[in-house]
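Hi everyone, thanks for coming. Please have the sequence and the 3D view open, and let's walk through this one together.

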Amino acid sequence: MDINQPSERLKSFWGKVDQKHINHIVTHVKGKRVLDMGAGYGTTAGFLHKNGYNATAFDLDDDSIA
């Protein structure tokens, strides 16, 4: 298979794996306050916040926090 622009193709997958995991995680959340430790880029905390949760993201990697 010839992939002319791999970076463009990967953009179409960005977030889809995260969303699958988030959908699973959300089934285990009790209450509305969430601490996302090791949050990386904050995808999970951002999704939870948009869906009415009081989500706080924490990560030790300064680049991720930025």
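**A walk around helix 3**

Let's start on the outside: His-49 and Lys-50 are exposed residues on the face of helix 3 that points away from its buried side. Keep in mind as we go that this is a predicted model.

Now turn to the other side of that helix. Which residues of helix 3, spanning residues 43–50, are buried? They are Thr-44, Ala-45 and Leu-48. Looking down the axis of helix 3, you find these buried residues within an arc of 95 degrees, so they line one face of the helix.

And what covers them? The cover includes helix 2 (16–26), along with strand 1 (33–37) and strand 2 (54–58). Just past the helix, have a look at Gly-52, which follows helix 3 and has a positive phi, near 90 degrees.

Let's step back for a moment. The protein has four helices and two strands, and reading along the sequence gives the pattern α-α-β-α-β-α. Of its 66 residues, 18% count as buried. Its accessible surface is about 5600 Å², and carbon and sulfur atoms make up 56% of that.

Next, the nonpolar core. Five residues form the largest one: Val-34, Ala-45, Leu-48, Tyr-53 and Ala-55. You'll recognise Ala-45 and Leu-48 from the buried residues of helix 3. Try clicking on Ala-55. If we leave out neighbours within four places in sequence, Ala-55 is in contact with Val-34, Ala-45, Leu-48 and His-49. His-49 is one of the exposed residues we began with.

Tyr-53, another member of that core, has a visitor: Lys-32 lies over the face of the Tyr-53 ring, 4.3 Å from the ring centre. How many aromatic pairs are there in this model? The count is zero.

Last stop, strand 1, where we find Leu-35. Is Leu-35 buried or exposed? It counts as exposed because its relative accessibility is 53%, and the cut-off for exposed is over 50%. Leu-35 still has contacts from further along the chain: setting aside residues up to four places away in sequence, Leu-35 touches Thr-56 and Phe-58. Take Thr-56: 21 residues separate it from Leu-35 in sequence, while their C-alpha atoms are 5.0 Å apart in space.

For the protein overall, take the contacts with a separation of 6 or more: 16% of them join residues 24 or more positions apart.

That's my tour, thanks for listening!

Definitions and conventions
Residues numbered from 1 in each chain as written. Predicted model: local features only at pLDDT ≥ 70, side-chain atom pairs only at ≥ 80, totals over all residues. Heavy atoms only, no water. Core = buried A, V, L, I, M, F, W, Y, C linked by side-chain atoms within 4.5 Å. Buried < 20%, exposed > 50% of the residue type's maximum accessible area, 1.4 Å probe, protein only. Contact = heavy atoms within 4.5 Å. Phe/Tyr/Trp six-rings, centres within 6.5 Å; stacked < 30°, edge-to-face > 60°. Lys NZ or Arg CZ within 6 Å of the ring centre and 35° of its normal. Arc of directions from axis to C-beta. Areas by Shrake-Rupley, 256 points an atom, 1.4 Å probe, with all protein chains shown as cover.
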